[in-house]
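Subject: Structure for you, with notes

Hi,

Here is the structure I promised to send over. My notes on it follow below; please read them with the model open beside you.

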Amino acid sequence: MTKKTLYFLFVFIFFFSCKPTKENKTSDIPVIDIESGIKEFVIKNLSEYASDIRYVQLETNESCLVTQTIKNIYLEDNKLFIHDNEVYLKVFDAITGKYLYNIGSKGQGPGELAGLTDVHINASEKRILLNWSVFTHLFDFEGNFLGRLYRPEFAESDEAEKTAPNVAMINENLFAVGFYTPKDHQENAAMIYDKEQNIISVLKSYKDRIQPPGFSTYNLSHQGGSFHWCMDKLHYYRGLSDTIYTFEDRNKSLEPYLVFDFGKHSSNYNYNPGTENEDVITVQALSENNRALFVDFYSTRMSPEPYEGEIWRSTGWTKGFFNNFYAVYDKEKEALYCLLQPTKSVLGLNNDLDNGIPFWPKSISNKNELIDYYHAYKFLEHANKLTNPGEAIKELIQSIDEEDNPIIVIATGK
């Protein structure tokens, strides 16, 4: 064989030996066994994952009202960045709750967007990316517009794969973005590129079908995926995959990190009513630190505690009975714990730190601060269900009005 032939043979063997599909899992990548996990639901205490807890009441006035729909809230550099239904971020002081300023605005000029699909915050660089359609705008933590970022030209036609509006900043020079396609086959999942728009590496998709033939749909979390930080490591997950990937600096690529084994609960991603797997379980949202992976699971009937409430879908708030449940994957024990509701119809970890409302880390800061939040009226509703609330909760209840801005709950992670 020639040296060139040997080289391509090595690359072929390396690529396919490292791709953790359910038919070919590698022994050094932890597998999260969903079928085993749902055999027993348990209550887990917040004190296992956090050492203390505090509450922040956001300032409420006409200039900074948070909308009913909250996509997420992030904490970095003692600032709370609110991603709600507006096309900009609202920024509050994380100690006092005082409103500070907005990042971005609505429009078509510099630093302005017509919509806001995705937000990415890089704490080490103190940079924020606001993504919508083909636009990615770069800001610093003070809200100064630093310019528009451009992605590599990848699509050649309207039917070709396109980059999704979920650009993430790895460092000052490197970026990551997912793909979506209107076709039935998606060739690529995500790519790494530099600020000169040079493609550094591409993560291939091994799911052949994104939807049934002839049924056109686009779901960002399923096709384009989402990026999240685990302290200083960038991770990537797309709903069509069973794998969480991590960015590895040594070869500037996304590599397998954790694998979900859904077993009989795998989705067939048929969005026509009545055609999905009845036992389906899919990942709705992830947050993560070095200790644990916190997973919000969607299911159609697998929770032992169906509850009446409201849940955010891509089309808005939906009321009804739900089978969603939360789970914690303990990295040290390599064990998945599916959680019972500590308070009826309130999902989360049992708040044994101050006998407060169940807590769930919807985001985690670079300093391992776990962030949860409730609209004021929801906080009061849930607090009234508590049998023995701590003094801090009692005092907080007295100072809250139902029309106030959300209450932010911050726990220090272990």
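A search of the whole structure, which is a predicted model, finds 17 aromatic pairs. Phe227 and Tyr236 form one of them, a tilted pair with 4.7 Å from centre to centre and 35° between the planes. Both Phe227 and Tyr236 are buried. Phe294 and Trp360 make an edge-to-face pair, with centres 5.6 Å apart and planes at 90°. That pair links distant parts of the chain: Phe294 belongs to strand E24 (residues 292-299), Trp360 sits in the loop between strand E28 (335-339) and E29, and the two are 66 residues apart. Phe294 is buried, as is Trp360.

There is also a cluster to look at: Phe41, Tyr237, Phe260, Phe262, Phe297 and Phe325 are linked by ring pairs. Two lysines lie over ring faces as well. Lys44 lies over the face of Tyr337, at 3.9 Å from the ring centre, and Lys362 lies over the face of Tyr373, at 4.8 Å from the ring centre.

Some overall figures may help you find your way around. The protein has five helices and 31 strands, and 52% of its 414 residues are buried. Of the contacts between residues at least 6 apart in sequence, 53% join residues at least 24 apart.

Next, a sheet for you to pick out. Four strands, in the order E3-E31-E30-E29, form an open sheet with antiparallel pairing. Strand E3 (50-57) and strand E29 (363-364) are at its edges and have a single partner strand each, so one side of each is left without a neighbour in the sheet.

Going through the sheet strand by strand:

- E3 and E31 run antiparallel and are joined by six bridges; Arg54 stands opposite Ile410 in E31.
- E31 and E30 also pair in the antiparallel sense, over six bridges, and here Tyr374 stands opposite Ile407 in E31.
- E30 (residues 369-374) and E29 run antiparallel, joined by two bridges; Ile364 has Leu370 in E30 as its bridge partner.

What lies across this sheet? Helix H4 (residues 376-383) lies across E3, E30 and strand E31 (407-413), and it runs at about 95° to E30. E31 is mostly covered, with six of its seven residues buried.

Ser299 is worth a stop too. This serine is in strand E24, and it counts as buried because its relative accessible area is 3%, with the cut-off at under 20%. Which backbone atoms does the side chain of Ser299 reach? One is the backbone nitrogen of Met302, at 3.3 Å. The backbone oxygen of Asn323 lies 2.7 Å from a polar atom of the Ser299 side chain. Leaving aside residues up to four places away in sequence, Ser299 touches Val280, Ile281, Asn323, Asn324 and Phe325. Phe325 is also one of the rings in the cluster described above.

Finally, a few loop residues. Most residues other than glycine have a negative phi, so I looked for residues that depart from this. Glu334 has a positive phi of about 50° although it is not a glycine. This glutamate lies in the loop between strand E27 (325-330) and E28, and with a relative accessible area of 53% it is exposed. Ser345 likewise has a positive phi, near 70°, and is not a glycine. Ser345 is found in the loop between E28 and E29, and its relative accessibility of 21% makes it partly exposed. That loop between E28 and E29 also holds Trp360.

Asp249 is the last residue on my list. Its place is in the loop between strand E21 (243-248) and strand E22 (253-261). Is Asp249 exposed, partly exposed or buried? At 45% relative accessibility, Asp249 counts as partly exposed. Its C-alpha atom is 9.8 Å from that of Lys233, and the two residues are 16 apart along the chain.

If you have little time, I would begin with the Phe294 and Trp360 pair and then turn to the open sheet of E3, E31, E30 and E29.

Best wishes

Key. Residues numbered from 1 in each chain as written. Predicted model: local features only at pLDDT ≥ 70, side-chain atom pairs only at ≥ 80, totals over all residues. Heavy atoms only, no water. Pairing = 2+ DSSP bridges. Contact = heavy atoms within 4.5 Å. Axes fitted to C-alpha atoms, helices over the stretch in contact; angles between N-to-C directions. Buried < 20%, exposed > 50% of the residue type's maximum accessible area, 1.4 Å probe, protein only. Phe/Tyr/Trp six-rings, centres within 6.5 Å; stacked < 30°, edge-to-face > 60°. Lys NZ or Arg CZ within 6 Å of the ring centre and 35° of its normal. Polar contact = N/O pair within 3.5 Å; in protein donor to acceptor, adjacent residues only side chain to side chain.
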